[in-house]
Amino acid sequence: MSRSPATCLILGTLAVFAFASAFADDVVVLTEDNFEKEVGQDRGALVEFYAPWCGHCKKLAPEYEKLGASFKKAKSVLIAKVDCDEHKGVCSKYGVSGYPTLQWFPKGSLEPKKYEGPRTAEALTEFVNNEGGTNVKIAAVPSSVVVLTSENFDEIVLDEKKDVLVEFYAPWCGHCKNLAPTYEKVATALNQEADVVIANLDADKYKDLAEKYGVSGYPTLKFFPKNNKAGEDYDAGRDVDDFVTFINEKCGTHRDAKGQLTSKAGTIEALDAIVKEFISAPAEEKKSVFKKLEEEADKLDGSAARYGKIYVKAAKSCLDKGSDYANKEILRLERMLAKSISDGKRDEFTLKKNILRSFVSDE
């Protein structure tokens, strides 16, 4: 639900809009099992004691994650956090009574010093540098959200080859600021989808565009699908899963909240039905069923045409290499997926694995 400007709090600058969800991986997650293995050892540690329901913790999250990214390569410093709802014993041991609590643990010590300064990435970086004897600069933050202006709005949003989700925000709006890290995660999850754009527009700066699309409160989210460039209101939930589910349903994509392709990605029911016929057919009839698969695949267009080619290639390999080809190839692809590979390669291998599963007999 949109919020009126009057309900939005003045919470600072637009810095949070530069948040990148990948940085969450740079903050070490502590538990009761690993706390003393990570903290009080051969490096100093800044630890955030937080609760997942805490509003102040959510506001701190993008700044803290930026801090984690900045110190990722600093071997003498650890940036970490512990969920006090889940690990009450640890938080009680260190006298945590409110959230978020930030404590600095010097190298080789489990006697913390409480951080009382401003909760910005800049202030936290200065504190950690002073305490840890480092000289780290704040990391540059990439973003997957497309920034719209009056100059590029029509070119991007009204492109009939793209499905576009737009957040109309105001830089002083507290609800917009709270949404920013979630929205960035959505954009990151979908950044491999060439036909999907996750964008935002400063509606305070570009008031004429906001008025044109009936925006009266912030944040307002509107979806501009390929077939409706008048736009439609986004009224679903505001969690990452909600956004990604909405895009999957509207755009025919198959992503999860982390941006990984789901097991349905690339599969086409009509071709799966022919594949079942193909794998159960006697050897002397397989070529005729293969021909049928080729003909159906040739009728496809867009991304489906690409998937159709994978089906045909897989069927041809089964003819040439035998019925155990699919199983062997799936195992090979799983070994490849277990390695550190590019997002593009991960998508390529996942699509092929998904399609090959239809060539594996239920028996």
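**Reading the labels on a predicted model**

User: Why does Glu-295 count as partly exposed?
Analyst: In this predicted model, Glu-295 has a relative accessibility of 43%. Buried would need a value under 20%, and exposed a value over 50%. The 43% of Glu-295 falls in between, so the residue counts as partly exposed.

User: Where is Glu-295 found, and how far is Glu-295 from Gly-308 in space?
Analyst: Glu-295 is part of helix 10. Its C-alpha is 10.0 Å from that of Gly-308, and the two are 13 residues apart in sequence.

User: What makes helix 10 roughly antiparallel to helix 11?
Analyst: Helix 10 (residues 286-298) and helix 11 (residues 302-321) pack at about 165°, and their axes are 9 Å apart. An angle over 145 degrees counts as roughly antiparallel. About 165° is over that cut-off, so the label applies to helix 10 and helix 11. The crossing of the two helices is left-handed.

User: Which residues meet where helix 10 packs on helix 11?
Analyst: From helix 10 come Lys-286, Phe-290, Leu-293, Glu-294 and Ala-297, and they meet Gly-308, Tyr-311, Val-312, Ala-315, Lys-316 and Leu-319 of helix 11. Sorted by type, the residues of this contact are seven nonpolar, one polar and three charged.

User: How do you know that Gly-308 goes into the polar group?
Analyst: Gly is not listed with the nonpolar or the charged residues, and the others, Gly among them, count as polar. Gly-308 belongs to the helix 11 side of the contact, and the contact has one polar residue.

User: Why are helix 12 and helix 13 called roughly antiparallel?
Analyst: Helix 12 (residues 325-337) packs on helix 13 (residues 343-357) at an angle of about 155°. The cut-off is over 145 degrees, and about 155° passes it, so these helices are roughly antiparallel to each other. Their axes are 9 Å apart, and the crossing is left-handed.

User: Which residues make the contact of helix 12 and helix 13, and how do they divide by type?
Analyst: Among them are Tyr-325, Ala-326, Glu-329 and Ile-330 of helix 12, and Arg-346, Phe-349, Thr-350 and Lys-352 of helix 13. The residues of this contact divide into eight nonpolar, one polar and seven charged.

User: What makes Trp-104 buried?
Analyst: Trp-104 has a relative accessible area of 2%. Buried means under 20%. Since 2% is under that limit, Trp-104 is buried.

User: Where is Trp-104 in the fold, and with which residues is Trp-104 in contact?
Analyst: Trp-104 sits in strand 4 (residues 101-105). Leaving aside neighbours within four places in sequence, its contacts include Gly-44, Ala-45, Leu-46, Val-77, Phe-127 and Val-128. Ser-143 is 39 residues from Trp-104 in sequence and 30 Å away in space, C-alpha to C-alpha.

User: Which residues does a cis peptide bond join?
Analyst: Tyr-99 and Pro-100 are joined by one, with omega about -10°. Pro-100 lies in the loop between helix 3 (88-93) and strand 4. Tyr-218 and Pro-219 are also joined by a cis peptide bond, with omega about -10°. Pro-219 lies in the loop between helix 7 (207-212) and strand 9 (220-224). Most peptide bonds are trans.

User: How many helices and strands does the protein have, and how much of the protein counts as buried?
Analyst: The secondary structure has 13 helices and ten strands. Of the 363 residues, 47% count as buried.

Definitions and conventions
Residues numbered from 1 in each chain as written. Predicted model: local features only at pLDDT ≥ 70, side-chain atom pairs only at ≥ 80, totals over all residues. Heavy atoms only, no water. Axes fitted to C-alpha atoms, helices over the stretch in contact; angles between N-to-C directions. Helix = DSSP H or I, 4+ residues; strand = E, 2+ residues; numbered from the N terminus. Parallel < 35°, antiparallel > 145°, perpendicular 65-115°, else oblique. Left-handed = near helix turned anticlockwise from the far one by under 90°. Contact = heavy atoms within 4.5 Å. Buried < 20%, exposed > 50% of the residue type's maximum accessible area, 1.4 Å probe, protein only.
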